[in-house]
Amino acid sequence: MRAARATLRAMKTHRIGVIGLGQRIAHVLAAMQEVGWRLNVAGYVDPAPIGMPIVLAHDVAAGKPYASVDALLKDGPFDLVMIGSPNHLHYEHLLAAFAAGNPIFAEKPIVRTEEETFALARHLVDKKTPPLFIGLVMRSMPIVRETIRKVDEGALGELISMDATEHLPPEHGGYLARNWRRKQEWGGSYFLDKVCHDFDIFGRLAKSRPARVASLGGRRIFHSGRENVNRTYSDGMPAYALRDGGWASANDAFHSDMDVTDHQTALVEYDSGFQLSFHANSHVALGERRWYVAGTDGTLIADLVRNKLMFRGALDKAKPERIDYANRTDDSHNGADQAMACDLLATLETGATFPVTPWDSMVAGLTVMAIDRAMEERRMVDCAPMWAEYDLARGAA
Ligand SMILES: NC(=O)c1ccc[n+]([C@@H]2O[C@H](COP(=O)([O-])OP(=O)(O)OC[C@H]3O[C@@H](n4cnc5c(N)ncnc54)[C@H](O)[C@@H]3O)[C@@H](O)[C@H]2O)c1
């Protein structure tokens, strides 16, 4: 984690207001402090701030509780309003924060539905809004930056196809099955909440939008029909119980009202012809987040769990180039939070460009929403009408 430490020290103390002091914003605040931000968290709005023990453990003072978003925002100005509420509240909280006029950091997914995306795009075009930074934290990871750099500089030639995975250990899957993410009305979907990051990067690599998508998925792991589920690890520790389920949580991963998938696959064909297959499972013994990218002139494997990259030119007989970024952390973010905290500080203090825009975030979200629609409707979805509506909303039709 140390490698991500800032080269830049904060020039000023940043006054911060938090909407949704959950585990995520608590970790981001801790990373900000770690890399040298001078923080003055004025306060937070949260009915049950589950991130409080995390900020306290990192010596970040959370400020005072406010009774409502209005009350918090009236107590501005803030140098940054941070939104870390469940996904179904992002749109409402963004609109309130826009009206207050302070710079905003909001967690991904930027919003939860297609309708909210189009409405947000219209809002950004029609109204004057403060700067908005989205926590698509993978954009700040050195291994991801290098992957993008190699593709952009042409080391792989023309991108032809790739496969990608995200496989989670049982405890993480069990948490998703109990936390608010288990419900579409709060989280959106398994893919929207968990892998909009990955689809943001895939679109960035492709430099084009998905033309058509297909997907299969289901809930065959965390459901009450399974009998005699083993709930003890081989070392005697209880399984599916270690993490606090948080806001609106269910007690039992196998007996909840979960209505999102626990495993899913997707096929995407981009406008450029680039093809992608994606496989995600929330209950595996061998965790993996890996991208295998094949171009006309070279092949790249990014192993995001082990934080290792491998590349070789297509006709190269020498050993592959290998980069070990080390810096592995238990959350698999591998220092990305600290790297993003550095990016955000540089943006606010020196005007440096933040690595991802709200527009990128909307494209990533819409991509995943189209994939989920393909799964639900059991058909291949032609994305052109969705992009036409999005372009109309953002005034680019
Ligand atoms: N970028 C990443 O890598 C990453 C990782 C995890 C989560 N996230 C995102 O961060 C957001 C929060 O996720 P989390 O894991 O911290 O969830 P969480 O359950 O730990 O935190 C959510 C918090 O929101 C609070 N909340 C509920 N209703 C609220 C309301 N009306 N007003 C204000 N606060 C309210 C809850 O009490 C809780 O403290 C989600 O959008 C999630 O997708 C991003």
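Let's start at the ligand: 27 residues surround it, and among these Gly22, Gln23, Arg24, Glu107 and Gly246 come nearest. Keep in mind as you look around that this is a predicted model. Sorted by class, the shell around the ligand holds 12 nonpolar, 10 polar and five charged residues. Where does the ligand lie with respect to domain 1 and domain 2? Both domain 1 (2-134) and domain 2 (141-325 + 357-393) give residues to the shell, so the ligand lies between them.

That makes the two domains a natural next stop. The chain is divided into domain 1, residues 2-134, and domain 2, which is made of 141-325 together with 357-393. Their C-alpha centres are 25 Å apart, and 21 residues of domain 1 are in contact with 22 residues of domain 2. On the domain 1 side of this contact, the elements that give two or more residues are α5 (114-126) and β6. Helix α5 gives the most to that side, with seven residues. By class, the side of domain 1 that touches domain 2 has 12 nonpolar, five polar and four charged residues.

Stepping back to the whole chain, you can count 12 helices and 15 strands. The radius of gyration is 21 Å, close to the 21 Å that the globule rule gives for 397 residues, so the chain is as compact as a globular protein of that length. Along its principal axes, the C-alpha trace spans about 60 × 55 × 45 Å.

Now for the sheets. One of them is an open sheet of six strands with parallel pairing, in the order β3-β2-β1-β4-β5-β6. Its edges are β3 (64-65) and β6 (132-134), each of which pairs on one side only. Within this sheet, have a look at β1 (residues 13-19) and β2 (residues 38-45): seven bridges pair them in the parallel sense, and Arg15 stands opposite Asn40 in β2. Helix α1 (residues 23-34) lies across β1, β2 and β4 (80-83), and runs at about 165 degrees to β2.

The other open sheet has nine strands, ordered β14-β13-β12-β11-β7-β10-β9-β8-β15, and its pairing is mixed. Here β14 (321-324) and β15 (381-382) are the edge strands, each pairing on one side only. Helix α11 (residues 358-377) packs on this sheet, where it touches β8 (210-218), β9 and β15, and its direction makes about 55 degrees with that of β8. Strand β9 (residues 263-270) runs antiparallel to β10 (residues 275-281), and seven bridges join the two. One position to find along this pair is Ala266, whose bridge partner in β10 is Phe278.

Towards the β14 edge, the strands offer some more details to follow. Strand β12 (residues 298-303) pairs with β13 (residues 308-313) in the antiparallel sense over six bridges, with Ile301 opposite Met310 in β13. Which residue in the hairpin of β12 and β13 takes a positive phi? It is Asn307, with phi near 60 degrees, in a hairpin that has four residues between the strands. From β13 you can carry on to β14: these two strands run antiparallel and are joined by four bridges. In this pair, Lys308 stands opposite Asp324 in β14, which brings you to the edge strand of the sheet.

Methods
Residues numbered from 1 in each chain as written. Predicted model: local features only at pLDDT ≥ 70, side-chain atom pairs only at ≥ 80, totals over all residues. Pairing = 2+ DSSP bridges. Contact = placed C-beta atoms within 7 Å. Axes fitted to C-alpha atoms, helices over the stretch in contact; angles between N-to-C directions. Near = placed C-beta within 6 Å. Nonpolar A, V, L, I, M, F, W, Y, C, P; charged D, E, K, R; others polar. Domains from an automatic or database assignment. Rg over C-alpha atoms; globule rule 2.2 N^0.38 Å.
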